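Visitor: I would like to learn how to read the features of a fold. Please take me through one case, step by step.

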Amino acid sequence: MTHRQMKLCVSLLLLIACTFHFPKCTHAADVELADDGSKVTVTLDGEPFTEYHYKGFAKPILFPVLGPGQRPMTRSYPIVNGVDNEATDHPHHKSLWYTHDEVAGVRFWIESDPEKPIKNSGTQVTTSVKLEGDSIVTTNDWVASDGETVCSDERRLTFAGDEDARTIDYEVTWIASSGEVLIGDTKEGTMGIRTHPMLRLTTKPNIGNHTADGRAINSEGQRDRELWGKRAAWVDYWGTIENQVTGVAIFDHELNPRHPTWWHARDYGLIAANPFGIHDFEKKPDGTGDLTLAAGEKLTFRYRFVFHRGDAEEAKVAQRYAEYIKATSGK
């Protein structure tokens, strides 16, 4: 057998294995990161995936976020205005972010506007950025309007993808760097995304959204509007974006404090994992969800975003969650 014939046989055998006998063969994308001093651009096999903006906003954000087939996964407003079918509400819902509204009495979820100042609002200020392989590693100060740092955090964002899905692992370690810090009980938090308008469950034409195609489910089998305020290991929203059924699943790691988390998951496309808002979600007394870190104490939360083709069943979200936990829990 010649060398050429041998290569042909090997290729044929691989094709048969991928097609008939084994799970679908996938190609792990090559991840490249480039920092320009205000944002880190992330590409997968040379295609744009996302940009991590750590300057220019009240908090670090990821925008745009492009899923399989280069479908936009988040709302453009208010970063880009005038996009058809986008609602112009909640300007602090900027694509994909991590923050909370009651930290040492300072409001970080809502954002102050020069024309409409908000009393006692704060900003997250990035103090260092490192690129480590497929990850962005940053440190950030949570700064009150008077310039006082009330706490800090360390973040690691890790990127991956293949033909059917793209993922972001988002790890945040809170640090009580300025003394004891109280993380308050409010629904306005914490690991959030404002989805593409086609993933909305409802429309609101009077503020710009005239078409929606969204469906949602969580790990407990609850659907659509039932997800709000419920505890679950994961949630998934999907719909037809530019003629392709595409979705986003968010995983709450089983090692996270208060797992499974509560979900501030709205019918208008806000999805946020919030382990602190028990008062709102379960109609408990004020302060039930408060969490206090002693001076110098650290607390880590881990999440995974999976941007996938198909609906939750087609994307095998439950299986993906099990594989995520197996690979990352250290058990």
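Guide: What follows goes through the sheets, a helix, the cores and some backbone details of this predicted model.

Visitor: Let us start with sheets. In what order do the strands of the open sheet that includes strand 11 run?

Guide: Strands of a sheet pair through backbone hydrogen bonds, either parallel or antiparallel. Here eight strands form an open sheet with antiparallel pairing, in the order 1-2-3-4-5-11-16-15. Strand 1 (31–35) and strand 15 (262–265) each have a single partner strand, so one side of each lacks a neighbour in the sheet. From one strand to the next the twist averages 20°.

Visitor: How many bridges join strand 1 to strand 2?

Guide: Five bridges link the two strands, which run antiparallel. As an example of register, Glu-32 has Thr-43 in strand 2 as its bridge partner.

Visitor: Which strands pair with strand 11, and is strand 11 enclosed or open to the outside?

Guide: Strand 5 is joined to strand 11 by five bridges in the antiparallel sense, and Trp-97 has Gly-192 of strand 11 as its bridge partner. Strand 16 (residues 270–274) pairs with strand 11 over four bridges, also antiparallel; there Met-191 stands opposite Ala-273. As for burial, the cut-off is under 20% relative accessible area. Six of the six residues of strand 11 (residues 189–194) are buried, so the strand is largely enclosed by the rest of the structure.

Visitor: What is the strand order of the open sheet that contains strand 14?

Guide: That open sheet of eight strands has the order 6-7-8-9-18-14-13-12, paired antiparallel. Its edge strands are strand 6 (122–132) and strand 12 (215–218), each pairing on one side only. The twist from one strand to the next averages 20°. Within the sheet, strand 13 (residues 234–241) and strand 14 (residues 244–252) run antiparallel and are joined by eight bridges. One of the paired positions is Val-235, whose bridge partner in strand 14 is Ile-250.

Visitor: Now the helix. Where does helix 3 lie, and which of its residues are buried?

Guide: An α-helix has 3.6 residues a turn, so residues three or four places apart point the same way. Helix 3 (residues 317–328) lies across strand 9 (165–175), strand 13, strand 14 and strand 18 (298–309), at about 35° to strand 14. The buried residues of helix 3 are Val-317, Tyr-321, Tyr-324 and Ile-325. They cover an arc of only 95° around the axis, which puts them on the same side of the helix. These buried residues pack against strand 9, strand 13, strand 14 and strand 18. The face turned away from the buried side carries the exposed residues Lys-326 and Ala-327.

Visitor: What span should the twelve residues of helix 3 have?

Guide: At 1.5 Å a residue they should span 16 Å, and the end C-alpha atoms are 16 Å apart, which agrees. Just after the helix, Gly-330 takes a positive phi of about 75°.

Visitor: Which residues have the most contacts inside the largest nonpolar core?

Guide: In soluble globular proteins, nonpolar side chains tend to be buried together. The largest nonpolar core here has 56 residues, and those with the most contacts inside it are Phe-159, Tyr-170, Trp-174, Val-248, Phe-305 and Phe-307. Strand 18 supplies the largest share of this core, five residues. A second, separate core has 14 residues, including Ala-165, Phe-251, Tyr-324 and Ile-325.

Visitor: Turning to loops, is Pro-68 buried or exposed?

Guide: Pro-68 has 2% relative accessibility and therefore counts as buried. Pro-68 sits in the loop between strand 4 (61–65) and strand 5 (96–100). Beyond its neighbours within four places in sequence, the contacts of Pro-68 include Glu-163, Arg-166, Gln-244 and Phe-307. Its C-alpha atom is separated by 8.7 Å from that of Gly-161, 93 residues apart along the chain.

Visitor: Which peptide bonds here are cis?

Guide: One of them joins Tyr-77 and Pro-78, with omega about 5°; Pro-78 is also in the loop between strand 4 and strand 5. Another runs from His-259 to Pro-260, with omega near -5°, and Pro-260 is placed in the loop between strand 14 and strand 15.

Visitor: Where is Asp-45 placed, and what is its phi?

Guide: Asp-45 lies in the loop between strand 2 and strand 3 (47–53). Its phi is near 50°, a positive value in a residue other than glycine. Asp-45 is partly exposed, with a relative accessible area of 42%.

Key: Residues numbered from 1 in each chain as written. Predicted model: local features only at pLDDT ≥ 70, side-chain atom pairs only at ≥ 80, totals over all residues. Heavy atoms only, no water. Buried < 20%, exposed > 50% of the residue type's maximum accessible area, 1.4 Å probe, protein only. Contact = heavy atoms within 4.5 Å. Pairing = 2+ DSSP bridges. Axes fitted to C-alpha atoms, helices over the stretch in contact; angles between N-to-C directions. Core = buried A, V, L, I, M, F, W, Y, C linked by side-chain atoms within 4.5 Å. Expected span 1.5 Å × (residues − 1). Arc of directions from axis to C-beta.
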